[in-house]
Amino acid sequence: MKNHIRHSFLLGLMIITAFFSLFPTPTSAASYTTYLTPASGVTQPGYTFLISVDSSVGYAGIWGNSGVTGSLNFPANLLQVVSISSAGSPFPTRTATPNNTTGVITFNQSANWWQGVNDQTIHLLTITFRAVTNGTANVNFGTVRYYAGYPSAPVSTATTSGGTYTISTPAPPPPPSPSPSPSPSSTPKPSTKPKPSTTPSSARSSIGCCVR
């Protein structure tokens with residue numbers, strides 16, 4: 001009986017070990033980078049534009065309650081959040097809360113089962129901003145952390161890269177240059193008629209006309 005119990009225990013342990021061996025093992029050496037796309041741009045007051053929050057993850061495999069948390073800071077006097085979409089994120093539970101008064105977006109994306117994200121680029125959020133007034137808007141991350149519910153999985157702090165967006169009213173076009181006035185045509189002066197040259201009368205010969 002004891003041998004049967006021991007055999008069943010060892011068999012169950014082997015099955016559990018084999019099951020967990022199917023999942024990639026997270027390590028503290030895994031790298032995580034969260035960044036904005038595009039990282040720069042130019043727009044005008046009153047216009048809206050999109051920014052994508054993406055990550056290159058070394059390990060975000062999900063087993064249990066796990067995912068990513070973070071924040072994004074923006075100048076509330078220059079930008080206002082219109083909407084946030086988490087469509088396309090690999091995490092099934094997604095929340096993102098903007099505060100247009102303090103200029104902070106907090107996000108928390110998680111899952112409660114194996115998700116299988118490992119060594120790849122993932123999309124987290126798409127933010128629609130409206131430009132308020134002229135200026136240079138620097139959008140930067142707070143702390144972004146990845147955590148996995150895998151046994152003994154470390155919490156990893158991501159390296160982050162923000163963006164800079166210029167808001168500028170275009171200069172008015174220069175006024176059209178005036179058409180040049182036509183110069184008055186000058187009346188040609190009449191040419192002086194040449195005086196007729198007088199043919200001098202033939203001088204009389206000093207020789208007599210007759211010979212007697």
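**Exercise 1. Find Ser-86 in this predicted model, and decide whether it is buried or exposed.**

Start with the chain position: Ser-86 sits in the loop between S5 and strand S6, the latter covering 93-99. Next, look at the accessibility. Ser-86 comes out at 18% relative accessibility, and the cut-off for buried is under 20%. So Ser-86 counts as buried. Finally, check who is around. Skip the neighbours within four places in sequence, and Ser-86 touches Arg-94, Gln-109, Leu-124 and Leu-125.

**Exercise 2. Work out which strands stand at the edges of the five-stranded sheet.**

First write down the strand order, which is S5-S8-S3-S1-S12. The sheet is open and its pairing is mixed. Now go to the two ends of that order: strand S5 (79-85) and strand S12 (159-161) each have a single partner strand, so one side of each is left without a neighbour in the sheet. As for geometry, neighbouring strands here are turned by 20° against each other on average, with direction ignored.

**Exercise 3. Describe how S1 and S3 are joined, and name the partner of Leu-36 in S3.**

A bit of background helps: strands of a sheet pair through backbone hydrogen bonds, either parallel or antiparallel. In this case, strand S1 (residues 32-37) and strand S3 (residues 48-57) run antiparallel, with six bridges between them. Pick out Leu-36, and its bridge partner in S3 turns out to be Val-53.

**Exercise 4. Take Val-53 and describe its surroundings.**

Step one is the location: Val-53 belongs to strand S3. Step two is exposure. The relative accessible area of Val-53 is 1%, so this residue is buried. Step three is the contact list, again leaving out neighbours within four places in sequence. Val-53 contacts Thr-34, Tyr-35 and Leu-36, then Leu-72, then His-123, Leu-124, Leu-125 and Ile-127, and finally Phe-141. Leu-124 and Leu-125 should ring a bell, since they are also among the contacts of Ser-86. One distance to try in your viewer: from Val-53 to Thr-37, C-alpha to C-alpha, is 6.6 Å, with their positions 16 residues apart in sequence.

**Exercise 5. Sum up the whole chain: its elements, its burial and its contacts.**

Count the elements and you get one helix and 13 strands. Reading from the N terminus, the helix comes before the strands. For burial, 29% of the 212 residues count as buried. The accessible surface is about 14100 Å², and carbon and sulfur atoms hold 57% of that. Now the contacts: take those between residues at least 6 apart in sequence, and 79% of them join residues at least 24 apart.

Notes:
Residues are numbered from 1 along each chain as its sequence is written. This is a predicted model: local features need pLDDT of at least 70, side-chain atom pairs count only at pLDDT 80 or more; totals for chains, interfaces and linings use all residues. Side-chain values use heavy atoms; hydrogens and water are left out. Two strands pair if DSSP finds at least two bridges between them. Helices (H or I, at least four residues) and strands (E, at least two) are DSSP runs, numbered from the N terminus. Axes are lines fitted to C-alpha atoms, for helices over the stretch in contact, and angles run from 0 to 180 degrees between N-to-C directions. Buried means under 20% relative accessible area, exposed over 50%, partly exposed in between (1.4 Å probe, protein chains only). Contact means heavy atoms within 4.5 Å. Accessible areas come from the Shrake-Rupley method with a 1.4 Å probe; for residues, only the protein chains shown count as cover.
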